[in-house]
Every structure is written in C-alpha cells, then in structure tokens.
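New to this one? Here is a short tour, going from the overall build down to a few single residues.

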Amino acid sequence: MSTERRLRLPGLAYGGDYNPEQWPEEVWAEDMRLMREAGVTMVSVGIFSWALLEPKEGAYDFSRMDKILGLLHDNGIAADLATPTAAPPAWFFKAYPEALPVDRDGRRLSYGSRQTFCPSSPAYRTAALRMAGALAERYADHPAVVMWHVHNEYGCHNAACYCDTSAAAFRSWLRAKYADSLDALNQAWGTTFWSQWYYDWDEILPPRVTGADSNPTHQLDWRRFCNDELLSLYVAERDVLRRAAPAVPATTNFMVNFSIEALDYWRWAPELDIVSNDHYLRADDPASEVDVALCGDLVRSMAGGPWLLMEHSTGAVNWQSVNRAKDPGEMRRNALAHVAHGADGIAYFQWRAAKAGSEQWHSAMLPHAGTDSQIWQDVVRLGADLRALAEVRGSTVAADVAIVWDWNARWALELPSQPSSALRFVDLVRSWYEPLWRAGVAVDFVLPDADLSSYRLVLAPSLYLIDDTGAANLTSFAEQGGTLAVGFHSGAVDENCHVRLGGYPGAFRDALGVRTDELFPLLPGETRPLTGQVPEGADATLWSERVRLTDAVAIASYADGPLAGVPAVTRNAHGTGTAWYLSTHPDPATLAALLDRVRDEAGVRPVLATRPDGVEAVRRRGPDADYLFLIDHSGNGTEVPAHGLELLTGKPVHGSVTVPAGGVAVVREER
Ligand code: GLA
C-alpha cells in the first residue's frame with residue numbers, strides 16, 4: 001500500500017455500494033437518516049452511472065452526482081467515488097459497435113448488460129479515460145471524496161475478448177515479450193508440434209475454438225495478455241485520476257476467489273493505493289468460513305497489510321442456481337472474520353435492495369422489507385461492532401507459515417492437456433489451508449520468489465508450473481534450515497509449460513530427494529490405501545506416482561495396486577532444513593495429520609495452545625497491543641483462556657473470555 005495516499009477516515013470503514021440514481025430523490029433523505037443510524041461511514045457511488053453522467057458523447061450531466069455527494073458530505077458520510085467505466089451506455093455501442101466483445105466461438109455479444117466491451121478496444125479506452133477525466137476534474141477537491149473506486153471488478157464478465165482488435169493487441173504484446181523474435185516465440189510455444197510453426201506475426205490468433213486442444217503455451221500467454229490488457233486499463237484510469245487529485249488514493253475491487261479466468265492480482269496489487277476485495281459465499285461450500293479466512297489471508301498478503309472488503313452480502317446473492325440466505329449470526333461472523341484477517345473496512349453490495357433490474361433479488365443492507373427486518377437489525381449491530389473495534393485499524397497478522405499461490409501455476413494446471421482434468425488449484429490449496437485454519441495457525445500467501453526469511457514453514461500444495469528463480473528460492477529456503485512441503489505434480493513444467501526432463505517432480509527432485517518415473521492419476525472416486533506413519537484407514541485419492549527414493553525416506557507408502565510398496569509421502573534432510581513430498585492427495589484426515597506433524601517439526605505454533613473445536617482464532621498485531629479474534633462456528637459457544645479487554649462488550653477479561661454460541665469475541669491483549 002502506498003504510504004502517501006491513505007484513506008482519510010478514522011476507525012474501520014463501514015458501508016456499501018450506494019446507487020441512489022435507481023431511486024426517486026425523496027428516498028435519498030431516508031437513506032441518509034438510516035445510514036447514520038447504522039453507523040455507515042463510507043459508500044461507493046457512481047459505479048454504474050455512465051449513462052446518466054454522460055447522456056451524449058462528450059456531454060456531461062453532473063447535477064445528480066453533485067447532489068448525492070453534497071448530501072453525503074452534509075451527513076458526514078465519505079464517498080468512494082467510482083469511475084463508471086464498467087458499464088458503457090447504449091449510445092457508445094451504437095457509435096462504436098466494434099467495441100463489443102467476441103467470445104471464443106466467434107459470436108459478437110450485444111449490449112444491454114454491463115462489462116460487455118472489448119478490453120483492447122481503442123474506442124472504449126478513449127471513452128473510458130475521457131469519462132474518468134471529466135469526473136476527476138469535477139470532483140478532485142470535493143470534500144466527500146476520500147477514494148477513487150476505479151471501474152468495478154475488472155474482467156468479471158469480459159476477462160477475454162477474441163475479436164480481431166484483440167488479436168492485433170495480442171500480437172503486439174507477444175512481439176514485446178519475445179523481443180520481436182518469431183523464432184523465440186516458436187521455441188517457447190513448441191510449435192514444431194502439430195505443424196503449428198508461425199512464419200509471420202499476422203498468422204497468430206487468439207486461442208479461438210479449434211477442432212482439438214490448442215497449444216498450452218499459446219493459451220497461457222493468452223491468459224497473461226488478457227490480464228495485462230485489463231491492468232493497463234486500470235493503470236490508465238488511475239493515472240488520469242492521480243493527475244487531477246494527487247492525494248486521493250485509488251482502489252479497484254479484486255475477486256480473489258474467482259474462476260479460472262481470474263487475474264494475476266499479485267501484479268495488480270502494487271498498482272493500487274489501497275487493496276480491496278469482494279467476497280461472496282458459495283451455497284455449495286460446506287465450510288464457507290474457511291474460504292472467508294483463506295481469501296482474507298490472500299488479500300492481506302497481496303496488500304502487505306490491511307485491506308478493505310469492498311463487497312460481500314448481508315444475505316442471499318442472485319447469481320447462483322439456488323441463492324441461500326445466511327444463517328442466524330453468519331453475516332456478523334463473516335464480516336468480523338474479514339476484519340480478523342486484516343480488513344480495515346467492511347462494505348456490502350449494496351446499500352438498498354433494488355426494486356428493478358437483474359439484481360432485484362440480491363440482498364442488501366436495507367432489505368425490501370425495510371427496517372423491520374432481521375437484516376436491518378444485524379446491519380445496525382455490525383455498525384456498533386465496527387465502532388467498538390476502531391482501534392484495530394492498521395494492525396496486521398504475523399505468520400510463521402507461507403503458502404505459495406501463483407496464478408501462472410493455476411492457469412497452467414487447469415489447461416485442457418493435463419494427465420487428469422480433475423485438478424483444481426484452488427481446491428488443492430484450500431485442502432492444505434483448511435487443516436491449518438482448523439488448528440488456528442496463522443498463514444500468509446507468497447509468490448514462489450518471495451523473501452521467505454521470516455517463515456519457518458513454506459507449503460506449495462500445487463505448483464505445476466515454476467520458473468528456475470522460484471524453484472531455486474523455494475529449495476534454498478529448505479537448504480538454509482526451513483521446512484518445505486510440496487504437493488504432487490509440482491515443479492513439472494517451466495514458465496513456458498515445457499516439461500522438466502529427467503523425472504518428476506522436475507524442479508524439486510533434488511531438494512525432495514525423490515525421482516518419479518511415471519504418473520498414475522486416479523479415477524474419480526478411486527482410492528488406494530496408504531500404509532506407514534499415517535492414521536488407520538488412510539487413503540490416497542486423485543493422484544499417485546511411482547516415486548523412487550534418491551535421498552529421502554518414506555513416511556507412507558501405497559499399500560496395494562500397481563504401486564504397492566512405492567513411497568507415497570517422503571521426507572528429506574536438505575541442507576540444514578527439511579523437504580517433504582506428498583505424491584498424492586491424501587484423504588482429509590490423513591492430510592491434516594501429516595500437516596500437523598510437518599508444522600510441529602518445523603516449530604510452528606498455533607495462535608492459541610489449546611483451542612476448542614469450531615472456534616476460529618486469529619491475532620492481529622498492533623503497535624502497542626494485540627487483538628485476539630475468536631469466532632464460534634460450532635454454534636456451541638465456549639470459554640477461551642485470555643487476558644485483556646473484550647472490545648465488543650467493553651468488559652475486562654481475567655483468565656478467560658466467553659465466546660457466545662455462533663458469536664464473536666475480540667480481546668485487546670496489552671503487550
Ligand atoms: C459483484 C459486483 C456487484 C454486484 C455483486 C452481486 O460483486 O461487483 O456490482 O453485481 O457482484 O453479488
């Protein structure tokens with residue numbers, strides 16, 4: 001986060017997306033009154049207001065926005081003012097139909113929704129920067145404006161466009177990457193395969209639909225290009241805003257738990273003054289509290305400290321097949337868990353539930369039912385909670401464990417030409433993260449080439465693709481005394497997706513002291529028993545390998561099948577440290593037992609020595625005090641040993657604190 005451009009707001013920010021343009025002006029006064037009642041301190045405005053702000057090309061109407069910002073200011077509510085560029089108006093597409101995106105199948109999409117534009121379109125870029133510039137010029141010095149909300153969720157609906165303009169932009173990107181050498185591109189992409197050799201830059205297309213799988217490196221470079229196109233749009237808007245208002249910080253809302261098309265947010269974070277994220281629960285997630293924690297830790301790691309939760313929901317969303325309401329207390333637990341994992345502000349989509357439009361069935365802070373509702377009571381209570389936690393702002397989490405998270409490895413793992421199509425990066429990482437979360441162990445996320453010197457333990461659950469620098473960094477961490485644990489099918493390919501020859505797991509073979517000569521992915525539902533230093537009934541799932549020991553010792557082996565007697569889990573003394581290899585995906589209990597042992601041996605302690613099941617424990621560290629967050633997900637409530645002041649109730653804690661059933665306690669611990 002930039003040191004110069006900070007959010008000029010005291011305490012923890014509280015609010016949501018505010019779309020008053022969807023309501024008659026009479027409603028706005030009530031909005032102000034109720035925002036004050038709920039303790040709202042900041043709202044995001046104008047996110048989808050382009051059509052109203054610029055009714056005709058180059059002609060602006062700021063009258064409504066003037067009133068809205070004035071009203072907010074009069075009521076002591078700060079504005080996170082958005083550039084409305086995620087939703088170009090209909091007039092724009094009538095004038096520039098070539099800016100509509102084309103999908104992989106070659107269909108040109110239509111307007112009438114949002115984020116339906118080609119990221120490489122010059123017409124779009126010109127129009128977006130002009131709009132952002134006009135907004136910045138008008139409101140740079142407005143006293144309500146404390147932050148710029150650039151665009152909205154870049155790439156949410158248009159992460160890739162396959163039109164001819166995008167094709168030309170892709171070729172320029174490739175020429176820059178390969179220093180104008182087609183030969184270098186042909187080598188990197190391995191185009192001697194299937195007669196794919198390129199003789200002219202103009203022959204290169206986006207990876208449009210083909211009869212059989214298209215080239216993996218081509219697809220990987222395409223992902224990188226798509227990321228960079230959107231990032232360059234963000235940077236261009238940010239620079240326009242910065243020129244007009246040099247002191248106002250800029251953010252754009254990430255979606256770190258998004259699908260395969262996800263952006264490489266490690267590359268985005270340094271471009272933001274304040275990192276923010278949107279997080280939504282999935283109805284089919286049996287333990288969504290784990291996802292909340294994981295995403296919070298990931299965003300905090302990318303931000304290098306506190307961040308803002310820009311959007312989540314008070315209740316149901318509207319975009320899943322069945323949109324589940326939250327359980328009693330779940331909304332409060334979600335919000336305070338985000339704070340526990342480093343959020344310095346909590347916001348929702350959206351303030352007032354819409355009456356019309358395609359999000360009319362999405363929950364909000366003020367529901368259709370009005371203030372006589374459970375959600376409103378919860379919203380008011382959360383406002384009070386956040387005020388009580390104001391002093392937590394700026395504190396962060398210290399972790400001894402780092403998990404490697406690399407979007408390049410994720411993109412590559414999920415390409416169509418793998419030994420098994422069942423591998424999902426996020427699921428694999430989460431399956432390793434979850435036992436640590438359950439044990440109450442603090443975790444950071446890192447890139448493979450990060451400075452690892454402050455960690456005792458580094459986990460690489462899934463690192464299919466790794467470049468030489470990253471591999472050397474991770475293995476030297478172990479060599480110099482750290483503990484490294486690596487999951488199956490890691491180290492397999494280099495940054496160009498070329499297999500590392502000589503046996504798997506390629507880049508990690510020497511450090512792990514093993515050499516695999518053949519992969520044996522398992523069929524869906526197929527398991528293989530494991531034997532050795534693992535719990536009774538331990539099973540291998542998803543994957544297995546014919547591992548041979550070169551230096552390592554076997555901790556567990558495959559008990560039957562084609563690999564009977566072959567090592568499955570290994571441990572190697574590497575330099576002055578230790579390197580573990582899990583050549584399979586053990587069942588959850590076995591994976592938890594193995595990771596318990598790995599972290600125990602690495603000397604990693606949980607946040608609390610003894611902790612009741614089902615209570616999440618996270619500690620934020622401030623300059624003078626620590627803040628122990630205890631969140632009961634079990635529904636039972638309990639007593640937890642602690643000393644200090646419980647901030648939500650204001651009661652002193654001598655020896656133990658009560659965590660109410662389904663509730664939260666936050667103890668300020670003096671140092
Ligand atoms: C996204 C968008 C919001 C809204 C919500 C609904 O996060 O940014 O505008 O559509 O989804 O969940």
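## Overall build

With 671 residues, a compact globule would have a radius of gyration near 26 Å, and this protein chain comes out at 26 Å, so the two agree. Keep in mind that we're looking at a predicted model. Measure along the principal axes and the C-alpha atoms fill a box of roughly 75 × 75 × 45 Å.

As for what the chain is built from, there are 17 helices and 26 strands. Of the 671 residues, 61% count as buried. Take the contacts with a separation of 6 or more: 71% of them join residues 24 or more positions apart.

## The largest pocket

How much space lies in the largest pocket? About 1200 Å³. Its lining is made up of 43 residues, and the closest to the centre are Phe 48, Arg 114, Phe 349, Ser 358 and Glu 359.

Sort that lining by class and you get 19 nonpolar, 15 polar and nine charged residues. Two helices, H2 (50-53) and H4 (90-95), each supply at least two residues of the lining.

## The second largest pocket

Next comes the second largest pocket, with about 740 Å³ of space. Here 30 residues do the lining, and nearest the centre lie Asp 285, Val 426, Asp 427, Arg 430 and Ser 431. The classes split into 12 nonpolar, five polar and 13 charged residues.

Which elements supply at least two residues each to this lining? They are helix H14 (425-439), strand S21 (585-586) and helix H17 (588-601). H14 gives the most, with nine residues.

## Helix H11, tucked inside

Is H11 enclosed or open? All the way along, 11 of its 11 residues are buried, so this helix is largely enclosed by the rest of the structure. The buried set includes charged-class names you can pick out in the view, among them Glu 330, Arg 332 and Arg 333. Asn 334, Ala 335 and His 338 are buried members of H11 too.

Just past the end of H11 sits Gly 342, which takes a positive phi of about 120°.

## His 312 and its neighbours

Now look at the loop between strand S8 (307-311) and helix H11 (330-340), where you'll find His 312. Buried or exposed? His 312 has 2% relative accessibility, so it counts as buried.

Leaving out residues up to four places away in sequence, His 312 touches Asn 334, Ala 335 and His 338, among others. Its other contacts include His 279, Tyr 280, Lys 326, Ile 346, Tyr 348 and Phe 349. Phe 349 already came up as one of the residues closest to the centre of the largest pocket. Ala 347 is also on the contact list of His 312, and the backbone oxygen of Ala 347 lies 3.0 Å from a polar atom of the His 312 side chain.

## Pro 55, partly out in the open

For a contrast, go to the loop between H2 and helix H3 (63-74), the place of Pro 55. This proline has 42% relative accessibility, so it counts as partly exposed.

Who does Pro 55 touch, setting aside neighbours within four places in sequence? The contacts are Tyr 60, Asp 61 and Trp 91. Pro 55 can also be paired with Phe 92: they are 37 residues apart in sequence, with 9.9 Å from C-alpha to C-alpha.

Notes
Residues are numbered from 1 along each chain as its sequence is written. This is a predicted model: local features need pLDDT of at least 70, side-chain atom pairs count only at pLDDT 80 or more; totals for chains, interfaces and linings use all residues. Side-chain values use heavy atoms; hydrogens and water are left out. On a 1 Å grid over the protein atoms alone, a cavity is a set of points where a 1.4 Å probe fits but cannot get out, and a pocket is an open set with protein on both sides within 12 Å along at least five of seven lines; lining residues have an atom within 4 Å of a point. Grid points are joined across faces, edges and corners, and a volume is the space filled by probe spheres set on the points. Helices (H or I, at least four residues) and strands (E, at least two) are DSSP runs, numbered from the N terminus. Buried means under 20% relative accessible area, exposed over 50%, partly exposed in between (1.4 Å probe, protein chains only). A polar contact is a pair of N or O atoms within 3.5 Å; within protein, one must be able to donate a hydrogen and the other to accept it, and residues adjacent in sequence count only if both atoms are side-chain atoms. Contact means heavy atoms within 4.5 Å. The radius of gyration is taken over C-alpha atoms; the globule rule is 2.2 Å times the number of residues to the power 0.38.
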